[in-house]
Amino acid sequence: MTNSIADRHQSLFKSFWMAGFEGASHINGSRHRLDMIAATQHDRQVDHDYQLIRSHGMFVARESVRWHLIENHNKFDFSTVAPFLKAASDHGIQINWTMCHYGWPDDLDLFSPAFITRFARFCGETASFIADHSNAVPIYSLINEMSFVTWAICHSDVMYPYAIHGKGRDLQLKKQLVQATIAGCEAIWEVDSQAKFVHVDPIIHIIAPPDRPDLDAAAASARASMFEAWDMLSGKTCPELGGDPKYLDVIGVNYYHSNQWEYLSNDRLHWHLNDPRRIHLHKLLEEVYQRYQSRIIIGETSHVGIGRGIWIKEIADEVAKAIANGVPVEGICLYPVIDRHDWENPQHWHNSGLWDLVHQDDGLLKRVLHEPYAIDLLEAQRMLREQGCPM
């Protein structure tokens, strides 16, 4: 059947195409606090950055509020947020604010009850500041990628507090993050009842190696873990946490080429090699929608190097198929829209943005449009415009 977003309802978002600015602020595997907003000079060049994204049909920006810079000894300083609000007002940009992009204040124990109460208070204070400086209906993402954070902290050394192993620790942490998210939503609603929420997590596909059919069930269970946080938020599971469908205004699905792999071996089902075991994105989107009946955005997607343009055209084609099958996809966010360096190696830039960053003698990072990607993006935008997606 033929379908379009316009046929169903008015979107929450000012444009279908969105610009994501890397905002990670966690303590990385080398024990260094990241500030990717500062590292890319987005804080210094936000006015110019918003002019750039407007020129390519993007009127929505995913931004991160840097909690560790704002809260200090029970006091809140929003001077790092104010320039973004002004630039957004000047250029007609709608902001989807991420309240915790992996980072929190140094004195806060992620596993403690205080994390929930302080996060809720921080959300409320931030919402109050934003309400005082903007008339727009606010859109918030509370804790970015709860499932990835849980994996990174409980099963790896890439994020502080590092490899917190032990029976049930990953489930304990995911519940903690869900409780904090629910408390944060309620605190924001107390300030502004019109606020809307986008809850972002990766969508994945995991299969057993071809010579290990005995691992099929375990692979399916690992794959199903992508639903755990959304299930808790919606009240499908763990009702003691207070979940409810009202919290799932919009589901943000993050999707990269590496989101499909073999169980245990962790070998990727390579996109660039057209691995036949890969599942199509539109099928994953249909699966998410059938489970929650919520609106969806592609919260993050991009590729690197010369594959950038090919990837975004494929994403657009897959989203068009999902829309045609009745899935209410309301946007695609290029993440990052400007390039970023590696979390562990600041000398290595991913070459994944619509704009590359070039170091100048005066210290500024110049934004240089990647022309082949821009041409392919125009083609992707045309493709979706024909599906009735608002530009």
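**Exercise 1. Locate Pro-161 in this predicted model and describe the peptide bond that precedes it.**

Solution.
- Step 1: Pro-161 sits in the loop that runs between α7 (146–155) and α8 (169–191).
- Step 2: The bond joining Tyr-160 and Pro-161 is a cis peptide bond, with omega at about 10 degrees.
- Step 3: For background, most peptide bonds are trans.

**Exercise 2. Find the loop that holds Pro-336, and state the geometry of the bond between Tyr-335 and Pro-336.**

Solution.
- Step 1: The loop in question lies between β12 (329–334) and β13 (355–359), and Pro-336 is part of it.
- Step 2: Tyr-335 and Pro-336 are joined by a cis peptide bond, for which omega is about 5 degrees.

**Exercise 3. Determine the sign of phi at Leu-264 and at Gln-293, then decide whether each residue is buried or exposed.**

Solution.
- Step 1: Leu-264 belongs to the loop between β10 (260–262) and α11. Its phi is near 70 degrees, which is positive although the residue is not glycine.
- Step 2: Gln-293 comes just after α11, in the loop leading from α11 to β11 (295–301). Phi of Gln-293 is near 55 degrees, again a positive value in a residue other than glycine.
- Step 3: As a reference, most residues other than glycine have a negative phi.
- Step 4: A residue counts as exposed when its relative accessible area is over 50%. Leu-264 has 56% and is therefore exposed. Gln-293 has 53% and is therefore exposed.

**Exercise 4. Compare the span of helix α11 with its expected value, and list the residues of α11 that are buried.**

Solution.
- Step 1: Helix α11 covers residues 281–292, which makes 12 residues.
- Step 2: From first to last C-alpha, α11 reaches 17 Å, close to the 16 Å expected at 1.5 Å a residue.
- Step 3: The buried residues in α11 are Leu-281, His-282, Leu-284, Leu-285, Glu-286, Val-288 and Tyr-292.

**Exercise 5. State how many residues the largest nonpolar core has and which of them have the most contacts inside it.**

Solution.
- Step 1: The largest nonpolar core has 113 residues. Trp-17, Tyr-50 and Leu-285 have the most contacts inside this core.
- Step 2: A second core, separate from the largest, has 11 residues, among them Val-198, Val-250, Tyr-256 and Cys-333.
- Step 3: Leu-285 also appears among the buried residues of α11.
- Step 4: In soluble globular proteins, nonpolar side chains tend to be buried together.

**Exercise 6. Identify the salt-bridge partners of Lys-175, Lys-246 and Arg-277, and say which parts of the chain each pair links.**

Solution.
- Step 1: The search of the whole structure gives 25 salt bridges.
- Step 2: Lys-175 pairs with Glu-240 at 3.7 Å, N to O. Because Lys-175 lies in helix α8 and Glu-240 in the loop between α10 (228–234) and β9 (250–254), this salt bridge ties together parts that are 65 residues apart in sequence. Glu-240 is exposed at 56% relative accessibility, while Lys-175 is partly exposed at 24%.
- Step 3: Lys-246 pairs with Glu-186, and their closest N and O atoms are 3.4 Å apart. Here Glu-186 lies in helix α8 and Lys-246 in the loop between α10 and β9, 60 residues apart. Both count as partly exposed, Glu-186 at 29% relative accessibility and Lys-246 at 42%.
- Step 4: Arg-277 pairs with Glu-262 at 2.7 Å, N to O. Glu-262 is in strand β10 and Arg-277 in the loop between β10 and α11, so the salt bridge connects parts 15 residues apart in sequence. Glu-262 counts as buried at 8% relative accessibility, whereas Arg-277 is partly exposed at 31%.
- Step 5: Salt bridges also link Glu-71, Asp-107, Arg-118 and Arg-121 in a network.

**Exercise 7. Decide how compact the protein chain is, using its radius of gyration.**

Solution.
- Step 1: The protein chain contains 13 helices and 14 strands.
- Step 2: Its radius of gyration is 20 Å, close to the 21 Å that the globule rule gives for 391 residues, so the chain is as compact as a globular protein of that length.
- Step 3: Along the principal axes, the C-alpha atoms fill a box of roughly 55 × 50 × 45 Å.
- Step 4: Of the 391 residues, 57% count as buried.
- Step 5: Among contacts with a separation of 6 or more, residues 24 or more positions apart account for 74%.
- Step 6: The chain exposes about 16,200 Å², of which carbon and sulfur atoms supply 51%.

Methods. Residues numbered from 1 in each chain as written. Predicted model: local features only at pLDDT ≥ 70, side-chain atom pairs only at ≥ 80, totals over all residues. Heavy atoms only, no water. Core = buried A, V, L, I, M, F, W, Y, C linked by side-chain atoms within 4.5 Å. Buried < 20%, exposed > 50% of the residue type's maximum accessible area, 1.4 Å probe, protein only. Helix = DSSP H or I, 4+ residues; strand = E, 2+ residues; numbered from the N terminus. Expected span 1.5 Å × (residues − 1). Salt bridge = Lys/Arg side-chain N within 4 Å of Asp/Glu carboxyl O. Rg over C-alpha atoms; globule rule 2.2 N^0.38 Å. Contact = heavy atoms within 4.5 Å. Areas by Shrake-Rupley, 256 points an atom, 1.4 Å probe, with all protein chains shown as cover.
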